[in-house]
Amino acid sequence: MAITTGQMSVGTVATQIDGTSNSNFRLHIHNMDNTDTLFIGGEDVTTSNGLGLPKLDSLELELYPLETVWVVSPKAGHQISYLKQV
């Protein structure tokens, strides 16, 4: 089982988290920001249609091969961290 971790800065344009995998995988996302909600979804995610992840909260997703997760914020410089388990 391979584990990849990282941190990234998200802004007002949808950004993909850590690419895809050829196997089933888990993706744990943590909203490191202490003021704003992070929004999660597909490539077309916006702050209006995404799943809200409140400040300092986490979410774990179980994904199938070649699925991708995108995130967007209402502001620039929104910090998140992730852990991908393949």
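**Salt bridges and strand pairing around D33**

The side chain of D33 comes to 2.8 Å from the backbone nitrogen of T35. This contact belongs to a predicted model, in which D33 is placed in the loop between strand 3 (25–31) and strand 4 (38–41). Because buried means under 20% relative accessible area, D33, at 10% relative accessibility, counts as buried. Leaving aside residues up to four places away in sequence, D33 touches K55, L56, K75, H78 and Q79.

One of these residues, K75, is also a polar partner of D33, the two side chains making a polar contact at 2.8 Å. The side chains of D33 and K75 likewise meet in a salt bridge, with an N to O distance of 2.8 Å. This pair links distant parts of the chain, since D33 belongs to the loop between strand 3 and strand 4 whereas K75 belongs to the loop between strand 7 and strand 8 (78–85), 42 residues apart. In contrast to D33, which is buried with a relative accessible area of 10%, K75 counts as partly exposed at 26% relative accessibility.

A further salt bridge joins the side chains of K75 and D36, with an N to O distance of 3.2 Å. Here too the pair links distant parts of the chain, with K75 in the loop between strand 7 and strand 8 and D36 in the loop between strand 3 and strand 4, 39 residues apart. D36 is partly exposed, its relative accessible area being 24%. Taken together, D33, D36 and K75 are linked in a network of salt bridges. In general terms, side chains of opposite charge can pair when their charged atoms come close.

The structure holds four salt bridges, and among them is the one that R26 forms with E62, for which the closest N and O atoms are 3.8 Å apart. R26 lies in strand 3 and E62 in strand 6 (residues 58–63), so this pair ties together parts that are 36 residues apart in sequence. The accessibility of the two partners can be stated for each: R26 counts as partly exposed at 38% relative accessibility, while E62 is exposed, with a relative accessible area of 61%.

Strand 4, which borders the loop that holds D33, takes part in an open sheet of four strands with the order 2-7-4-5 and antiparallel pairing. The edge strands of this sheet are strand 2 (15–16) and strand 5, each of which pairs on one side only. As a general point, strands of a sheet pair through backbone hydrogen bonds, either parallel or antiparallel.

Following the order of the sheet from strand 2, strand 2 and strand 7 pair in the antiparallel sense over two bridges, and the bridge partner of Q16 in strand 7 is W70. Strand 7 (residues 70–72) in turn pairs with strand 4 in the antiparallel sense, over three bridges, and in this pairing G41 stands opposite W70. W70 is thus named both as the bridge partner of Q16 and as the residue opposite G41. Strand 4 also pairs with strand 5 (residues 51–53), again in the antiparallel sense and over three bridges, the bridge partner of I40 in strand 5 being L51.

Note on methods:
Residues numbered from 1 in each chain as written. Predicted model: local features only at pLDDT ≥ 70, side-chain atom pairs only at ≥ 80, totals over all residues. Heavy atoms only, no water. Buried < 20%, exposed > 50% of the residue type's maximum accessible area, 1.4 Å probe, protein only. Polar contact = N/O pair within 3.5 Å; in protein donor to acceptor, adjacent residues only side chain to side chain. Contact = heavy atoms within 4.5 Å. Pairing = 2+ DSSP bridges.
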